[in-house]
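The following exercises concern the interface between two protein chains. Each task is followed by a worked solution.

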Amino acid sequence: MGERIDVRYVAKLARIELTDDEVVRFGAQLGALLEHVNALGELDVASVPATAQVVESRNVARDDEPRPSLDREIVLDEAPHRQGAFVRVPKILVE
Amino acid sequence: MSAYEAVVGIECHVELKTRTKMFCGCTNAFGAEPNTQVCPVCLALPGALPVPNRVAIAQTLRAGVAFGADIPAFSKFDRKNYFYPDMPKNYQISQYDMPLVVGGEVRYWLEDGTTGSCPLERIHLEEDTGKSTHAGSGDGRIAGSAYSLVDFNRAGVPLMECVSAPALHGAAEAVAFLASLRRTLLELGVSDVKMEEGSLRCDANVSVRLVGTSQLGTKAEIKNMNSFRSVHRAIESEIDRQIALLEKGERVIQETRGWDEIHGVTHPMRSKEEAHDYRYFPDPDLVPLEISASDVERMRAELPELPWQRFERYTGRYDLGAKQATQLIDNPSLARYFDRVVELSRNPQQSTNFVLGELSRLANDTGTPVADSSIAPEALCELIALVEGKTINSKIAKELVERMWAGEGSPRAIVEREGLAQTSDPAAVDKIVEDVLARNADVVADYRNGKTSVAGYLVGQVMKASRGKADPQLVAELVKKRLGAS
Amino acid sequence: MSELVERGAAEIARDVNAKRVSAREIADAALARADAVDERVGAYLRVLYDIARETATRVDERVARGEKLPLAGVPFAVKDNMCLNGTRTTCASRILERWTAPYTATAVQRMLDAGCVPIGKSNLDEFAMGSSCENSALGVTRNPYDLGRVPGGSSGGSAAAVAAREAAIGMGSDTGGSIREPAAFCNLVGLKPTYGRVSRYGLIAFASSLDQIGPLARSVEDAALAYDAMAGHDPMDSTSIASEVEPTATALRNDLRGLRIGIVREFPLDPLGAEMKSAYEQAYRDLEALGASLVEVCLPTAEYGLATYYLIAPAECSANLARFDGVRYGSNVDAGDVGTMYERTRAAGFGPEVKRRILIGTYALSSGYYDAYYVRAQKARTLVARDFAKAFTSCDLIASPATSCPPFALGAKSDPYSMYLMDYYTIPMSLAGVPALSVPCGWAREGGRTLPLGLQLVAPHFAEALLLGAAHAYEGATKHAGTYAPSLVAASGVES
Ligand SMILES: [Mg+2]
Ligand SMILES: [Zn+2]
């Protein structure tokens with residue numbers, strides 16, 4: 001703990017474009033938050049199991065029964081760009 | 001002999017054959033109109049939540065049990081985070097550190113009948129992505145395309161990912177592994193496993209090393225293989241490429257390579273995410289799975305005979321060739337038919353002769369599968385019994401098969417009605433022989449002048465005179481006897 | 001102002017079922033009230049005139065057919081992170097500003113089935129991330145008790161709507177305090193049910209393992225009626241609890257005899273200042289006077305709640321909000337390639353608080369930090385949950401302040417961390433998944449204003465009946481809610 005955040009790298013993973021100003025500002029704010037969060041280092045959790053969820057349900061599943069799908073027009077009307085029956089996206093760069 | 005050996009591991013994705021998708025009630029069917037099998041859940045509309053498909057989980061477990069794997073008591077779903085336009089949530093619900101299935105093996109056989117086994121590392125359950133069509137590049141490839149069109153019908157289809165250990169040595173074993181995996185999943189009815197429809201997709205991790213060393217070489221991951229044949233070619237080509245590099249004193253670099261079907265080579269392919277930081281974490285929208293030992297036991301007890309077990313039975317107990325056994329295994333309805341015939345007739349050899357011989361030929365010619373033909377296994381057994389009891393000879397048997405196929409019914413009834421039973425009475429047959437020899441005095445003379453090869457012709461004439469009913473062995477004996485006597 | 005808008009849910013339902021007043025009259029009164037005051041309050045992002053009238057008419061038809069509806073004709077505010085088929089559902093974000101939901105959230109549907117009439121979609125902190133409603137990208141909501149102050153958040157719009165009599169019930173969602181804090185700030189009863197008790201299907205996720213829908217109301221009885229309507233198993237939500245819901249509206253009590261109420265040792269009152277301290281001391285004495293015995297309980301890990309929460313919630317949100325990418329719906333900024341399109345769409349579509357949380361969550365999950373941050377936080381969560389389990393072996397309920405200060409002035413908290421501290425008292429309960437509510441408990445004077453305070457009551461998992469029952473006894477004995485109505489209630493209009 002205690003590292004400085006590489007905000008640009010994190011923003012790239014999160015797919016959010018940041019201005020240089022934002023990089024500085026978010027970097028400082030997130031750094032400050034991490035200072036507080038580092039208090040968790042005081043807890044002895046070596047033998048404590050992790051809790052992903054507080055509910056104790058298990059094996060929740062549904063039967064393999066079809067349900068109605070949405071009307072295609074309703075779906076495609078919401079798409080910023082559509083072409084015919086498809087959603088259109090700009091070129092996918094193979095990086 | 002090459003100083004290098006290849007080590008191959010296979011990762012494959014298998015779309016499960018369920019009625020609905022993995023986490024929603026949209027229909028799971030291939031080939032629907034684009035974007036018609038979508039709902040808030042599989043489109044990742046705001047607020048929608050996943051609920052797992054019970055059948056998909058059961059099918060994955062069943063596959064695991066069939067491969068002799070361990071089914072851990074506890075399993076969970078995780079989110080695998082990366083952005084891609086045909087993946088609606090921009091994370092894939094998958095399984096990271098607690099897959100449904102751990103270990104197991106795929107037992108396979110090669111064309112020559114030798115068998116082998118490749119350990120599995122794991123099988124986990126995840127969801128498929130949608131399908132992007134790349135436009136503007138002319139060849140439909142992503143590189144150089146101007147834009148892409150997305151169809152989300154496939155998004156959320158249950159996908160089983162099977163990962164083998166790097167334990168296959170070469171292209172032939174890799175293809176045999178895949179073929180056996182495919183046959184097993186077909187037998188279990190959990191997938192259509194069609195490479196051409198994308199319900200089976202596989203990648204191969206290929207490395208080479210000096211024979212006698214045990215450390216793995218640097219691997220390349222090969223993608224874009226669209227048939228078993230291309231898997232075979234791609235792996236061979238990649239092995240050759242790597243050996244050539246090493247022989248030149250160069251290094252193999254770890255990378256993803258695409259198979260180019262047209263040029264028959266692999267080429268470097270960059271990944272779709274520049275940073276491979278998938279940030280897996282347990283999906284908080286889903287609760288863990290607990291699988292009891294008794295459920296696993298029940299699944300084990302309910303397993304059908306598996307293809308490799310069938311292969312061993314056919315080639316072992318029934319003494320079939322590898323090719324015949326494979327032919328049967330790859331035609332499940334024919335195999336079921338065959339098994340029934342063997343069960344009734346207790347004569348694997350005759351069953352093989354008829355089922356893979358005449359019946360398969362007729363099935364081929366008419367387009368009607370044997371199992372759907374008008375020859376029930378019981379009727380075929382009746383015929384086999386007639387042959388076994390020497391009531392009819394093989395020529396009549398062949399004729400009968402055709403007539404039974406045409407729907408004439410019980411072979412015994414035909415034989416009785418038309419008096420087709422084999423004539424085995426030596427006196428009766430000898431009378432025919434005598435007549436035929438008399439009618440063919442010139443041929444008999446040839447024989448006696450040393451042209452013994454004409455005996456066969458005379459036997460044929462006798463058979464013809466008997467309308468095929470005479471016991472051919474007896475005919476041969478009697479012809480010889482009469483010719484011998486001068 | 002029509003007297004009709006002063007009525008609570010219980011009274012409205014009684015009268016509509018008895019056909020003494022029509023749902024349509026109630027709806028028209030609520031809509032008129034919104035027309036009269038919402039320009040100043042800003043509770044609603046959109047008032048649903050047509051839908052409200054149509055729904056009310058259908059309720060009247062159902063009543064005419066003899067149906068008895070538990071919430072017949074009750075006007076309610078729907079937080080704009082819950083889907084209502086055919087309406088804009090924005091999460092108060094630019095990125096969803098023009099998105100129309102093609103389906104209805106289960107909890108909202110249950111309210112409709114119970115006879116409720118939606119008056120409008122209410123404002124919130126963008127994607128429910130905030131404690132003041134100031135993070136909304138689409139509007140400013142003011143506290144009806146002082147229009148210069150925040151209503152709390154993130155369910156600030158629903159709270160303000162109910163406090164300003166623009167609805168009788170508000171639907172809120174609570175991830176770390178987003179129902180309880182605005183309830184306290186707007187002098188309302190706000191319940192965060194046990195995690196899993198109310199379906200999250202159709203609630204636009206912030207942090208899936210913490211989000212929980214609940215009611216805001218002007219009385220405990222109304223909150224109980226609304227909770228009874230919205231709670232229950234939903235097969236569309238895997239985390240929804242399958243067990244029967246114990247009805248609460250029939251379990252309201254008038255005393256606390258036989259109950260042990262835990263006062264948390266780690267939540268001393270001194271730091272709250274003299275005025276709040278005396279208010280909470282009085283509240284604890286009132287609980288005692290109703291027959292409860294007060295016991296000290298320990299929540300030793302509670303002080304780590306905030307740190308735990310600010311790793312877990314952002315981590316989950318970083319994935320939950322990945323779907324807003326400009327491909328299938330929502331706003332979009334064109335670019336030459338899809339990666340740049342994502343980055344610009346999300347840069348333009350999300351406000352700074354949302355970006356901060358996505359970034360922190362992405363970081364906490366990223367390679368090399370996952371164990372140190374995310375896993376450690378999950379383990380700390382286990383400790384917090386154990387604290388509650390242990391505490392509830394020695395008490396039946398826990399009482400504490402709901403907030404660390406009264407409603408503050410708009411713009412007063414510019415530093416993100418000082419805003420995060422607002423949820424100090426409410427976060428541990430969210431981490432443990434236990435039900436908790438805020439009930440009005442008196443007033444603090446600040447800058448010449450009389451500002452509401454909330455008492456938080458907490459119960460073990462699934463003990464909503466006990467929780468609301470106890471709150472009802474406290475409310476009946478103290479009547480804080482009724483002693484001072486917001487200035488807007490006066491026909492003369494607006495203060496300051
Ligand atoms: Mg995979
Ligand atoms: Zn779907």
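**Exercise 1: Extent of the interface**

Determine how much area is buried between chain A and chain B, and what share carbon and sulfur atoms give.

Solution. In this predicted model, the area buried between chain A and chain B amounts to about 4,000 Å². Carbon and sulfur atoms give 55% of that area. As to the residues involved, the contact draws 35 residues from chain A and 58 residues from chain B.

**Exercise 2: Polar interactions**

State how many salt bridges cross the interface of chain A and chain B, and examine the one formed by A:Arg58.

Solution. The rule finds three salt bridges across the interface of chain A and chain B. One of them links A:Arg58 to B:Glu290, with the closest N and O atoms 3.0 Å apart. The salt-bridge criterion requires a distance within 4 Å, and the pair A:Arg58 and B:Glu290, at 3.0 Å, is a salt bridge. Polar contacts across this interface join 26 residue pairs, both residues being at pLDDT 80 or more.

**Exercise 3: The side of chain A that touches chain B**

Identify which element of chain A supplies the largest share of the side that touches chain B, and describe its pairing with chain B.

Solution. Helix 1 (7-14), helix 3 (72-78) and strand 2 (86-90) of chain A each supply at least two residues of this side. The largest share, five residues, comes from strand 2 of chain A. By class, the residues of this side comprise 18 nonpolar, five polar and 12 charged. Strand 2 of chain A pairs in the antiparallel sense with strand 9 (residues 147-151) of chain B, over four bridges. Within this strand 9, B:Tyr147 is the bridge partner of A:Pro90.

Note on methods:
Residues are numbered from 1 along each chain as its sequence is written. Chains are lettered from A and ligands numbered from 1 in the order in which they are written. This is a predicted model: local features need pLDDT of at least 70, side-chain atom pairs count only at pLDDT 80 or more; totals for chains, interfaces and linings use all residues. Side-chain values use heavy atoms; hydrogens and water are left out. Contact means heavy atoms within 4.5 Å. Buried area is the accessible area (1.4 Å probe) that two parts lose on being put together, summed over both. A salt bridge is a side-chain nitrogen of Lys or Arg within 4 Å of a carboxyl oxygen of Asp or Glu. A polar contact is a pair of N or O atoms within 3.5 Å; within protein, one must be able to donate a hydrogen and the other to accept it, and residues adjacent in sequence count only if both atoms are side-chain atoms. Ala, Val, Leu, Ile, Met, Phe, Trp, Tyr, Cys and Pro count as nonpolar, Asp, Glu, Lys and Arg as charged, and the others, Gly among them, as polar. Two strands pair if DSSP finds at least two bridges between them.
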